[in-house]
Amino acid sequence: MIENTKNNIGIWARLGAWLTHMANPTRFMRFADRTIPYLAGLSLSLFAIGLYLGFTAPQDYQQGATVQIMFVHVPSAWLAMMCFSVMAVSGIGTLVWRHPLADVSLRAAAPIGLAFTFLALVTGSLWGKPMWGAWWVWDARLTSVFILFLIYIGIIALSRAIEEPTTAARSLSVITLVGWIIIPIIKFSVKWWNTLHQPASVSKLGAPSMDAVFLYPLLTMALAFTVLFFCLHFMNMRNEILRRRLRVLKIKSGQLGKGSAV
Amino acid sequence: MIALFKRELLIALRGGGGALTGVIFFLCVITIVPFGIGPDLKLLSQIGPAVLWIGALLATLLGLDRLFQQDKEDGSLDILVCQEHALTWLIFVKCIAHWIVSTLPLVIATPLFGLMLNVSPMGILASMVTLFVGTPAITFIGAVGASVTVTLPRGGVLIAILVLPLVIPVLIFGVLSIDGAINEPQPFTAPFLILCAFTLFTSVLGPLAASVMLRHSAD
């Protein structure tokens, strides 16, 4: 037990040290430059395997070929929630440790999360039409994900409205942390309310109630989406750092007043 | 604390207009609904409570930007932040004062507007009670939005965008409990208690988050 705790502390301390190490944007840029090609390659190959497995998966006895929508729908919904959680952790990083990259991370993740949420809503809608007979139902799960979509839009609108990055960072962190409350609501919406959307079938304790022919492609796709997220996130963070440097350079050279859009 | 409360009330009352704007906006929303869906009294009495809630929600959102804006402009916000009292408490008091001035009139005006929508007496009573209990939650959540956008020149619309997704639960449980009061089989107590819990929960979380925000934006 004591050994175990020590080991845990070791991991956390090492993670903390690594995060401090990464506080230097130039160092992060070097790290991102090195890792992005690997992440992209890994994501691409996982997508290839996942899509192959997905398309060769047998048809469901009830849902027919539409069950294959699941391989895109479920991972994008998971990622939409994970992305928001990454943003919330970044928000804590900004408010508590004032980590210089936490704010960059939050800002960079928001559009990606919006895209994943949009993807989840659209694929869900496409899946809902043949299954439930309607494009959209005001069901607890669907509505709560839609609210997540609105929160993402609000955060992005706010990030565009405040020009000074440090002020924006705090506002965004506070709003993200308050908005995080939607994540457990989405997660448990199928349990708390009687919904049309089916309850969780993968993350059940014990054996998941899904056949292996569907489960493996789904998990592969989920992994592919996750790696894709981190790849895009690092790329977007790199862009954001460059954008800020450009902004500073422009202010220094006195060009900002001439109606330049930053 | 009490001094701050009195000051807030006095400023709002002497300044005039603030509370009335909200009520008039509420009236406008209530008025356009029959034009939109036709003057069918039976249909109106059915959706009346929901319309009352939506109108009150929008009217409350409309006034939120006044929560900190004026204090920011004349500098008294900086003084509040530098006070020895916990900033969370000060914001809590400000929220309560703001609610009394700008939202309580809406609750008081509800019976009249309810009559216009042909809501049953029981429904009107339930609307008043749920609005009385539920709308503080909107103000508390709105305080977060207002504190975030206080530095922006035109934050009004942005507050609505940021706050609206977060106040949807208030609307859901408010309308649910009215529904429970009017239609017999549905329960009234359960959604009503959840509404109360939500208000209490936000009364802690809202001022806390807003105080973090204001303290950061001041330094």
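Here is a short set of questions and answers about this predicted model, in which chain A and chain B touch each other.

Q: What makes up chain A, going by its helices and strands?
A: Chain A has eight helices and zero strands. Read along the sequence, that gives the pattern α-α-α-α-α-α-α-α.

Q: And how many helices and strands does chain B have?
A: Chain B has 10 helices and, again, zero strands. Its pattern along the sequence is α-α-α-α-α-α-α-α-α-α.

Q: How do you know whether the radius of gyration of chain B agrees with that of a compact globule?
A: Put the two values side by side. A compact globule with 219 residues would have a radius of gyration near 17 Å, and chain B has 18 Å, so the two agree. As for its extent, the C-alpha trace of chain B spans about 55 × 35 × 30 Å along its principal axes.

Q: What share of each chain is buried?
A: In chain B, 46% of the 219 residues count as buried. In chain A, buried residues make up 34% of 262. To be counted, a residue needs 20 or more other C-beta atoms within 10 Å of its own.

Q: Why is Phe92(B) called buried or exposed?
A: Phe92(B) has 21 other C-beta atoms within 10 Å. The cut-off for buried is 20 or more, so Phe92(B) is buried. You'll find Phe92(B) in helix 6 (residues 87-102) of chain B. Leaving aside neighbours within four places in sequence, Phe92(B) is in contact with Ser203(B) and Pro207(B). Val150(B), 58 residues from Phe92(B) in sequence, is 17 Å away in space, C-alpha to C-alpha.

Q: Why is Gln198(A) called buried or exposed?
A: Gln198(A) has 9 C-beta neighbours inside 10 Å. Exposed means 12 or fewer, so Gln198(A) counts as exposed. Look for Gln198(A) in the loop between helix 7 (182-192) and helix 8 (212-252) of chain A. Arg141(A) is 57 residues from Gln198(A) along the chain, and their C-alpha atoms are separated by 9.2 Å.

Q: What makes Arg98(A) partly exposed?
A: Arg98(A) has 14 C-beta neighbours inside 10 Å. Buried takes 20 or more and exposed takes 12 or fewer, so Arg98(A) falls in between and counts as partly exposed. Arg98(A) is in the loop between helix 3 and helix 4 of chain A. Its phi is positive, about 50°, although Arg98(A) is not a glycine.

Q: How do you know that Asn118(B) is partly exposed?
A: By counting again: Asn118(B) has 17 other C-beta atoms within 10 Å, so it is partly exposed. Asn118(B) is in the loop between helix 7 (104-116) and helix 8 (121-149) of chain B. Asn118(B) has a positive phi near 60°, though it is a residue other than glycine.

Q: Which residues touch the most other members of the largest nonpolar core?
A: Ala80(A), Cys83(A) and Val163(B) do, in a core of 115 residues. The largest share of this core, 14 residues, comes from helix 3 (residues 70-97) of chain A. Not counting residues up to four places away in sequence, Cys83(A) touches Ala109(A), Ile112(A), Gly113(A), Phe116(A) and Phe229(A).

Q: What makes up the side of chain A that touches chain B?
A: In total, 17 residues of chain A are in contact with 16 residues of chain B. Helix 5 (140-161) and helix 6 (165-179) of chain A each supply at least two residues of the chain A side. Helix 5 of chain A gives the most, with eight residues. By class, the chain A side has 12 nonpolar residues, four polar and one charged.

Q: How do helix 4 and helix 6 of chain A pack?
A: Helix 4 (residues 100-132) and helix 6 of chain A pack at an angle of about 65°, with their axes 10 Å apart. The crossing is left-handed. Helix 4 of chain A brings Asp103(A), Leu106(A) and Arg107(A) to the contact, and helix 6 of chain A brings Pro165(A), Ala169(A), Leu172(A), Ser173(A) and Thr176(A). By class, this contact has four nonpolar, two polar and two charged residues.

Terms used: Residues numbered from 1 in each chain as written. Chains lettered and ligands numbered in written order. Predicted model: local features only at pLDDT ≥ 70, side-chain atom pairs only at ≥ 80, totals over all residues. Core = buried A, V, L, I, M, F, W, Y, C linked by C-beta atoms within 7 Å. Helix = DSSP H or I, 4+ residues; strand = E, 2+ residues; numbered from the N terminus. Contact = placed C-beta atoms within 7 Å. Nonpolar A, V, L, I, M, F, W, Y, C, P; charged D, E, K, R; others polar. Rg over C-alpha atoms; globule rule 2.2 N^0.38 Å. Axes fitted to C-alpha atoms, helices over the stretch in contact; angles between N-to-C directions. Left-handed = near helix turned anticlockwise from the far one by under 90°.
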